[in-house]
Amino acid sequence: MLDQYFTGEKAEVRIGDQVFYLPIIQGTEGERAIDIRKLRSETGYITMDSGYMNTGACRSSITFLDGEKSILNYRGYAIEDLAEHCSFIEVAYLLINGMLPNIVELKQFSRQLNNHSMIHEDMVHFFDRFPPGASPMSILSSMVNTLCNFYPEMTDPLESFNITAARLLSKLRTVAAFSYRKSKGHPLTYPRHNLSYCANFLNMMFDSPVNPYLVDNVLVGALNKLLILHGDHELNCSTATVRIVGSARTNLYASISAGISALWGPLHGGANQEVMEMLEKIHREGGNYRKYIEKAKDPKDPFRLVGFGHRVYKNHDPRCRIIKKTCDEVLAALNMADDPLLAIAKELEEVALHDPYFIERNLYPNVDFYSGIIYRAMGIPTNMFTVMFALGRLPGWIAHWREMWDDPNTRIGRPRQVYVGPQLRPFVPIDQR
Ligand code: ACO
């Protein structure tokens, strides 16, 4: 219940000569909020907050982030520690269950994921029906939505939650790899029980009957880190979407499918693909990155320096620092340290961080700025980058969906508006218009 978070203090709202008192809530990290739920019933007023920039929609115990201090914690653990010491599967368990697994729990969880890694063979045929060049994000979202037809235990969503969560985590990886193989016209490689989550994914992507894939531990380690860093980010656009769709008591598969669609957008998860396209374009044009800095600063030009800026981080994105370091390590291990795109990215970052336009607006490189360079070095095509983001974000979406269902304060998500259209007017029959 919210009650334990009420501080006993009240905010005062004065409208004309009337005064209203609104309770204040405080979270465990000291964040404070004014509870306005009764504002409309008591005053007739609503609050206006386009883009929900200052609206708390729930209480959550999953992720804490402080954009001013560059802090990101999952379930109380610092992202730096998790990225350094954990596998993605451990972090997925943590996000969904609230605690890090011990060895027995981790083995059980891995076994469960292995047991659910295949997709129904009838679903495999669906891949053949998408036109050539179909977007992998559209395929992913459609396939996840239709999982509820093949695995319909969802009549009691909470009872079947654990198995549904395991299915999603395991099958999303399989669907992602299969969509790539089908797009290439290559035979499918099925998941293997003797490979870890990330090794399995890379093997499904790149193994071939004529050229067996050798799993590279540097790449597996980097993939684990990337997925962990994308694991959750509290109420970002896609997670808020999952929660709002789920608040209508929509099943987990369909809610996640909606989250995938939200992530697709270039202002959100789609940015990692756009960063790579931007870097490639700059490279093709001879490396003139300053032109793009000027374009980004020009108020008349809609161009934005993709991979820069964040709604919440007004300081360094802690994930970007880890990814940049990982990027250096991976490229060095693959003898690609002189990758021209990495050089352009670093130069862009350097110039932007010293430019008054970016400084005044607190625009720093975000999680997407360097991730694409690592994915590219792994052999993952640019149009799969956002799919990779979805794989990482999945445990966060699942954790939020579950938390939302368990929270007795949850109401169906339904913002209000201020109507600014025409007032009531007489109806005009069609022949008189
Ligand atoms: N390049 C140039 N200028 C920028 C950029 C950018 N990348 N981002 C913000 N600005 C400017 C805006 O033009 C605006 O300037 P103004 O005050 O002169 O009008 C100011 O900074 C504030 O920008 P907003 O759009 O109000 O910030 P908001 O919080 O709404 O947007 C967003 C955040 C969408 C991430 C934005 O910074 C952006 O478009 N970045 C590029 C896309 C991107 O990298 N998205 C990935 C985000 S991370 C993620 O979702 C995983």
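This passage looks at one histidine, a pair of crossing helices and the surroundings of a ligand in a predicted model.

Start with H230, which sits in the loop between α9 (217–229) and α10 (237–246). Its relative accessibility comes out at just 1%, and since anything under 20% is called buried, H230 counts as buried. Leaving aside residues up to four places away in sequence, H230 touches Y74, I323, V367, D368, S371, F389, G392 and R393.

Two of those partners, D368 and F389, turn up again where helix α17 meets helix α18. Helix α17 covers residues 368–378 and helix α18 covers residues 385–406; their axes come within 10 Å and cross at roughly 105°. Angles of 65 to 115 degrees count as roughly perpendicular, so that is the label for α17 relative to α18. On the α17 side, the contact is made by D368, G372, Y375 and R376, while α18 brings in F385, M388 and F389. Sorted by character, the residues of this contact are a mix: four nonpolar, one polar and two charged.

Then there's the ligand. It has 19 residues around it, and R304, L305, G307, R311 and Y357 come nearest. Two of these, L305 and Y357, also pair up with ligand nitrogen. For L305, a backbone N or O atom lies 2.8 Å from a nitrogen atom of the ligand. For Y357, the side chain does the job, with an N or O atom 2.9 Å from a ligand nitrogen atom. L267 joins in through its backbone, where a polar atom is 3.2 Å from a nitrogen atom of the ligand.

How values were computed: Residues are numbered from 1 along each chain as its sequence is written. This is a predicted model: local features need pLDDT of at least 70, side-chain atom pairs count only at pLDDT 80 or more; totals for chains, interfaces and linings use all residues. Side-chain values use heavy atoms; hydrogens and water are left out. Helices (H or I, at least four residues) and strands (E, at least two) are DSSP runs, numbered from the N terminus. Buried means under 20% relative accessible area, exposed over 50%, partly exposed in between (1.4 Å probe, protein chains only). Contact means heavy atoms within 4.5 Å. Axes are lines fitted to C-alpha atoms, for helices over the stretch in contact, and angles run from 0 to 180 degrees between N-to-C directions. Angles under 35 degrees count as roughly parallel, over 145 as roughly antiparallel, 65 to 115 as roughly perpendicular and the rest as oblique. Ala, Val, Leu, Ile, Met, Phe, Trp, Tyr, Cys and Pro count as nonpolar, Asp, Glu, Lys and Arg as charged, and the others, Gly among them, as polar. A residue is near a molecule or strand if one of its heavy atoms lies within 4 Å of it. A polar contact is a pair of N or O atoms within 3.5 Å; within protein, one must be able to donate a hydrogen and the other to accept it, and residues adjacent in sequence count only if both atoms are side-chain atoms.
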